Amino acid sequence: MIKEAKYKMSEERLNELKEELTYLTTVREKEVSQQIKEARSFGDLTENSEYDEAKTEQGKLYSKIAEIRNLIENAEIVKVTKKTDVIGMGSKVTVFDVERKEDLTYEMVGSQDADPAQLKISDDSPIGRELIGKRKDDTIEVEAPIGKLQFKILKIE
């Protein structure tokens, strides 16, 4: 039996997914069903572009519903650490980028909450994998597409 992958996320993200699923399976599903019904009323389905579009939309909707259900069923709620001496999930970590000579503050989050543009990284990311379990003043090296990156951990919150 194949073991389903677990999707790490916060309680808030899980609730957002549940709300989205409710919207899609109630409001949106009825809207698409109505579109199909209206398109059928136009007559011959073989040359009915409105019907084709509505059926395509229905397929996308059902695919999205299945994806969200899978995420919810396989959700693993991330336990936020309260410790500030060791980096864990929920930690805000300020590091010094040795190459660029600048400080960056990352927030450690679950994979479903990750947003690298907002410096929210998961423990599945290359930097996140190296940071988890480390302490202040530790130095990490990360292999990235642009080469090796080196960071010194300055602060853990």
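In the predicted model, five strands form an open sheet with mixed pairing, in the order β5-β4-β3-β7-β6. The edges of this sheet are β5 (120-122) and β6 (139-144), each of which pairs on one side only. Direction ignored, neighbouring strands of the sheet are turned by 45° against each other on average. Strands of a sheet pair through backbone hydrogen bonds, and the sense can be parallel or antiparallel.

Three of the pairings can be described by their bridges. Strand β3, residues 92-97, is paired with strand β7, residues 147-156, in the antiparallel sense, and five bridges join the two. Within this pairing, F96 of β3 stands opposite K152 in β7, and T94 stands opposite K155 in β7. D97 has F151 of β7 as its bridge partner. In a regular strand, side chains alternate between the two faces of the sheet.

β3 also pairs with β4, again in the antiparallel sense, over six bridges. One bridge links K92 with E107, the latter in β4. The two strands β3 and β4 form a hairpin in which four residues lie between them. In the turn of this hairpin, K101 has a positive phi of about 60°.

At the other side of β7, the edge strand β6 is paired with β7 in the antiparallel sense over six bridges. E143 stands opposite K148 in β7. β6 and β7 likewise form a hairpin, with two residues between the strands.

Apart from the sheet, the helices α1 and α2 were examined as a pair. α1 (11-40) packs with helix α2, residues 49-73, at an angle of about 160°, and the two axes are 9 Å apart. Because an angle over 145 degrees counts as roughly antiparallel, α1 is roughly antiparallel to α2. The crossing in which α1 passes α2 is left-handed. By class, the residues of the contact of α1 with α2 comprise 15 nonpolar, three polar and ten charged.

The pocket analysis gives a volume of about 180 Å³ for the largest pocket. Its lining consists of 14 residues, and those nearest the centre of the pocket are S10, E107, M108, V109 and D113. Two or more lining residues come from each of α1 (11-40) and β4 (102-109). The largest contribution to the lining is that of β4, with three residues. The lining of the largest pocket divides by class into six nonpolar, three polar and five charged residues. E107 therefore appears in two of the contexts described here: this residue is the bridge partner of K92, and E107 is among the residues nearest the centre of the largest pocket.

Terms used. Residues are numbered from 1 along each chain as its sequence is written. This is a predicted model: local features need pLDDT of at least 70, side-chain atom pairs count only at pLDDT 80 or more; totals for chains, interfaces and linings use all residues. Side-chain values use heavy atoms; hydrogens and water are left out. Two strands pair if DSSP finds at least two bridges between them. Axes are lines fitted to C-alpha atoms, for helices over the stretch in contact, and angles run from 0 to 180 degrees between N-to-C directions. On a 1 Å grid over the protein atoms alone, a cavity is a set of points where a 1.4 Å probe fits but cannot get out, and a pocket is an open set with protein on both sides within 12 Å along at least five of seven lines; lining residues have an atom within 4 Å of a point. Grid points are joined across faces, edges and corners, and a volume is the space filled by probe spheres set on the points. Ala, Val, Leu, Ile, Met, Phe, Trp, Tyr, Cys and Pro count as nonpolar, Asp, Glu, Lys and Arg as charged, and the others, Gly among them, as polar. Angles under 35 degrees count as roughly parallel, over 145 as roughly antiparallel, 65 to 115 as roughly perpendicular and the rest as oblique. A crossing is left-handed if the near helix is turned anticlockwise from the far one by less than a right angle, and right-handed if clockwise.
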